[in-house]
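Colleague: I'm new to this one and would like a hand reading it. Could you walk me through it, one feature at a time?

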Amino acid sequence: MTGFVYTSHPARVIFGSGTLARLPEEVERLDLHRVLVLAAPQQADDAQQIAARIGPRAAAVFSGATMHTPVSVTEEAMRLVQTERIDGLVAVGGGSTTGLGKAIALRTDLPQIVAPTTYAGSEMTPILGETRDGQKVTQKSPRVLPETVIYDVDLTLNLPVALSGTSGINAIAHAVEALYAQDRNPIMSLMALEGIRAMARALPVIVQSPGDRAARSDALYGAWLCGLCLGTVGMALHHKLCHTLGGTFDLPHAETHTAVLPHAVAYNAPALPDEMAALAAALGATDAAQGLFDLADAVGAQHALKHLGMPEAGIERTADMAVANPYWNPRPLERQAIRDLIAHAYAGERPQ
Ligand code: NAD
């Protein structure tokens with residue numbers, strides 16, 4: 001075995017069904033007395049119930065979390081942090097809500113308890129992307145890592161089927177790129193393949209039977225492992241493309257990942273025969289890129305970026321941006337081939 005460096009981030013994880021019942025105990029364990037509960041507007045009622053569950057140690061609720069963590073929203077929540085003398089954060093929701101908690105933690109170093117309700121995986125990463133004046137800036141800081149993550153399968157039972165599918169494939173994308181990261185290591189590769197296996201077997205079941213607790217449990221377990229991959233090793237072409245597409249054309253996050261992933265994998269495949277064989281096996285497929293396209297089909301996802309809001313002129317623009325600031329990728333960045341990759345994803349074709 002060749003040498004490697006493996007950095008693990010500290011996190012306390014409570015996993016299972018009904019685990020949110022342990023939230024008051026965790027609040028006490030962290031010695032928090034004035035907690036701010038964070039949520040997205042669509043989950044405002046849940047946030048109120050969670051505050052009630054915490055009892056007198058819940059000081060306030062802020063249900064304004066939104067996609068891409070706009071600084072204006074964070075500043076609004078920060079005013080509540082100050083006026084209510086908040087000493088800890090409880091974020092219950094998807095990546096947008098987790099992002100808000102992380103943005104507040106970056107500014108305050110307040111302890112965080114996060115209970116994810118999607119498969120985005122942000123709770124496992126020291127990464128924070130914030131938007132100011134329409135520009136998304138991503139940074140890494142250990143300050144944004146939550147102290148405790150409560151994975152409660154029950155919180156995911158009502159995650160709409162369409163979002164379950166694309167959020168799950170978004171998670172798989174983290175693990176896929178961990179398999180060929182420049183700083184890959186055998187520990188993360190184990191977790192990546194286990195995460196992909198768990199997610200790939202769960203998603204088709206969830207589509208048929210959204211309340212299947214065993215499949216939901218597999219998916220959340222997979223999301224945890226895939227999130228760890230994103231937080232621990234560097235990403236490559238796929239994540240760069242999705243970041244560019246999402247930021248430039250305001251495309252939906254998980255859906256964009258789902259449409260691009262089979263094509264990014266097909267692009268890198270010639271450079272990675274061993275990794276692709278392992279990936280295909282984890283997906284239960286004979287070919288990795290085709291297997292990912294089939295999985296997107298199985299969850300009823302949209303394959304075509306043009307139907308997600310990308311303009312056709314965006315193909316050339318994205319190709320230019322993809323090669324403008326070179327970064328590490330297992331296959332060298334070739335503008336024409338990347339342009340073709342984007343064109344296939346734009347049209348929603350099967351990967352070549
Ligand atoms: P999201 O948090 O925006 O949620 C999407 C919608 O689904 C929201 O309306 C939300 O209220 C609703 N929802 C969430 N869970 C639900 C549930 N269980 N039942 C019913 N409705 C539910 O979407 P997301 O895909 O989880 O997160 C995307 C955001 O997270 C993006 O801004 C992305 O950049 C960020 N992200 C960051 C990282 C990181 O490491 N920093 C990692 C992944 C994603």
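**Reading the model**

Modeller: Let's start with a pair of residues: Ile-127 stands opposite Lys-140 in E7. Keep in mind that this is a predicted model.

Colleague: Which way do E6 and E7 run, and how many bridges join them?

Modeller: They run antiparallel, and six bridges join E6 to E7. The general idea for a strand is that in a regular one the side chains alternate between the two faces of the sheet. In this case the two strands make a hairpin, with two residues between E6 and E7. Look at Asp-133 in the turn: its phi is positive, about 50°.

Colleague: How many residues of strand E7 are buried?

Modeller: Zero. Strand E7 covers residues 135-140, and it is hardly covered, with none of its six residues counted as buried.

Colleague: Now the larger layout. Into which domains is the protein chain divided?

Modeller: Domain 1 is 12-156 and domain 2 is 161-347. Taken over C-alpha atoms, their centres are 26 Å apart. Where they meet, domain 1 puts in 18 residues and domain 2 puts in 21 residues. On the domain 1 side of that contact you'll find ten nonpolar, six polar and two charged residues. As a general idea, the size of an interface is often given as the accessible area lost when the parts come together.

Colleague: What does UniProt list for residues 10-152?

Modeller: An unreviewed UniProt entry annotates that span as "domain: Alcohol dehydrogenase iron-type/glycerol dehydrogenase GldA". In the model, residues 10-152 are 31% helix and 29% strand, with the end C-alpha atoms 20 Å apart. For residues 166-346, the unreviewed UniProt entry gives "domain: Fe-containing alcohol dehydrogenase-like C-terminal". That span, 166-346, is 72% helix and 0% strand, and its end C-alpha atoms lie 17 Å apart.

Colleague: There's a ligand too. Which residues are closest to the ligand?

Modeller: Gly-94, Gly-95, Ser-96, Thr-118 and Ser-122 are the closest of the 29 residues that surround the ligand. To read a shell like that, ask where its residues come from. Domain 1 and domain 2 each supply at least three. At least two apiece come from helix H4 (95-108), strand E6 (127-132), helix H5 (161-179) and helix H9 (253-268). H4 gives the most, with four residues.

Colleague: How many residues of the shell around the ligand are charged?

Modeller: There are no charged residues in the shell; it divides into ten nonpolar and 19 polar.

Colleague: Let's finish with two asparagines. Is Asn-268 buried or exposed?

Modeller: The trick is to count neighbours: 20 or more other C-beta atoms within 10 Å means buried. Asn-268 is buried because it has 24 other C-beta atoms within 10 Å. The residue sits in helix H9. Leaving aside neighbours within four places in sequence, Asn-268 is in contact with Tyr-180, Leu-237, Asn-329, Pro-330 and Arg-331.

Colleague: And why is Asn-185 partly exposed?

Modeller: Asn-185 has 18 other C-beta atoms within 10 Å, so it counts as partly exposed. Its place is in the loop between H5 and helix H6 (186-208). Not counting residues up to four places away in sequence, Asn-185 touches Phe-4, Val-5 and Tyr-6. Check Gly-3 as well: 182 residues separate Asn-185 and Gly-3 along the chain, yet their C-alpha atoms are 8.6 Å apart.

Methods
Residues are numbered from 1 along each chain as its sequence is written. This is a predicted model: local features need pLDDT of at least 70, side-chain atom pairs count only at pLDDT 80 or more; totals for chains, interfaces and linings use all residues. A residue is near a molecule or strand if its C-beta atom, placed from the backbone, lies within 6 Å of it. Ala, Val, Leu, Ile, Met, Phe, Trp, Tyr, Cys and Pro count as nonpolar, Asp, Glu, Lys and Arg as charged, and the others, Gly among them, as polar. Domain bounds come from an automatic or database domain assignment. A residue is buried if 20 or more other C-beta atoms lie within 10 Å of its own, exposed if 12 or fewer, and partly exposed in between; C-beta atoms are placed from the backbone. Two strands pair if DSSP finds at least two bridges between them. UniProt positions are given in the numbering used here, feature names are shortened, and annotations may be inferred rather than shown by experiment. Two residues are in contact if their C-beta atoms, placed from the backbone, lie within 7 Å.
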